[in-house]
Amino acid sequence: MLSVKNLSYSIGDAKILKEISLEVREGEFVGLIGPNGCGKSTLLKNIYRTYRPGRESVYIDGRDITELTARQLARRAAAVAQENVMEFDVEVLDMVMYGRYAHRKFLERETREDQELCRHLLLEVGLDGYEQRSFLSLSGGEKQRVLLARALAQECQLIILDEPTNHLDIRYQYLLMQILKKQEVTVFSSIHDLNIAAMYCDRIILMKKGEIAACGTPEEVLTEKNIREIFGVRAQITCNEITGRVQIYYLPLPV
Ligand code: ADP
Ligand code: MG
């Protein structure tokens, strides 16, 4: 579904990504983790083309993304970016409707089905009744949920997200992941919270200083050794009895 091949990316003289290669297969839920500044956002921006990757380095559905028009890309992949700089305000329902753009012909009006889908998605993210609210007046967490609804409105096979749970309180962190999990889509998301990554990911890719340090199941990647060596934190790893998933307990640093 998504294939990255030897992707390097520099900003000025700094080599931010060094020959990254990875695959995300159809239907997988893959998490991208790593310390602050290791290059997660830079990698994701190359995939959803906020940055321009070189030719023959990022493929979605077998197509080199540098050869796709904006509309062709928007039909294949939806993104929820970390920062959204908005210069003008729109109503919440219209914001979600932007997700339908790639499905309409030039100057075609939105249909009743578009409207119904977008209202339904707002309900799913817990924001029914917010249709006419101004987007800029929302809290960080509410904005994030609107942006998830917009990405789902694109009805793509692939959704790419950059730390989507960051502004959310704990219930909505889990709700957002749950909503994503039940879609029949492929998910590639950077995730800040390692326990959330452990809970929802089929596979986890661990980055360190612009390179991939480890890749595998949560059990394979979230080891005490990796957490100590890459995040610089002591941890105890167990298997949660209720969920059967990896659970990380962080320990105080040695003094
Ligand atoms: P992450 O998302 O993993 O925290 P980023 O991809 O945002 O990391 O950043 C990776 C590195 O690239 C960091 O060291 C950051 O300072 C640097 N970086 C990102 N954007 C720029 C920029 N526009 N100019 C210079 N350095 C940048
Ligand atoms: Mg980032």
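## Worked exercises: a buried isoleucine, two cores and a helix pair

At 0% relative accessibility, isoleucine 47 counts as buried, since buried means under 20% relative accessible area with a 1.4 Å probe and protein chains only (over 50% is exposed, in between is partly exposed). This is a predicted model, where local features need pLDDT of at least 70 and side-chain atom pairs pLDDT 80 or more, while totals for chains, interfaces and linings use all residues. Residues are numbered from 1 along each chain as its sequence is written, and side-chain values use heavy atoms, leaving out hydrogens and water.

**Exercise 1.** Find where isoleucine 47 sits and what it touches.

*Solution.* Step one: place the residue. Isoleucine 47 belongs to helix H1; helices are DSSP runs of H or I with at least four residues, numbered from the N terminus.

Step two: check the helix. H1 spans residues 40-47, and 7 of its 8 residues are buried. Among them are Lys40, Leu43 and Leu44. Just after H1, arginine 49 has a positive phi of about 65 degrees.

Step three: list the partners. Skipping residues up to four places away in sequence, isoleucine 47 touches Leu2, Val4, Val58, Ile60, Ile65, Ile160 and Phe188, with contact meaning heavy atoms within 4.5 Å.

**Exercise 2.** Work out which helix gives the most to the largest nonpolar core.

*Solution.* Start with the term: a nonpolar core is a set of buried Ala, Val, Leu, Ile, Met, Phe, Trp, Tyr and Cys residues joined through side-chain atoms within 4.5 Å. The largest one here has 51 residues, and Ile33, Val146, Leu148, Met177, Leu180 and Leu222 have the most contacts inside it. Helix H5 (residues 140-153) gives the most, with 7 residues. Apart from this core lies another, of 28 residues, including Leu32, Cys38, Ile65 and Met207.

**Exercise 3.** Describe how H4 packs on H5.

*Solution.* First, the geometry: H4 (residues 112-124) meets H5 at about 140 degrees, with the axes 9 Å apart. The axes are lines fitted to C-alpha atoms over the stretch in contact, and angles run from 0 to 180 degrees between N-to-C directions.

Next, classify. H4 and H5 are therefore oblique to each other, given that under 35 degrees is roughly parallel, over 145 roughly antiparallel, 65 to 115 roughly perpendicular and the rest oblique.

Finally, the residues. Leu117, Cys118 and Leu121 of H4 meet Ala149, Leu152 and Ala153 of H5.

Technical notes:
Chains are lettered from A and ligands numbered from 1 in the order in which they are written. Helices (H or I, at least four residues) and strands (E, at least two) are DSSP runs, numbered from the N terminus.
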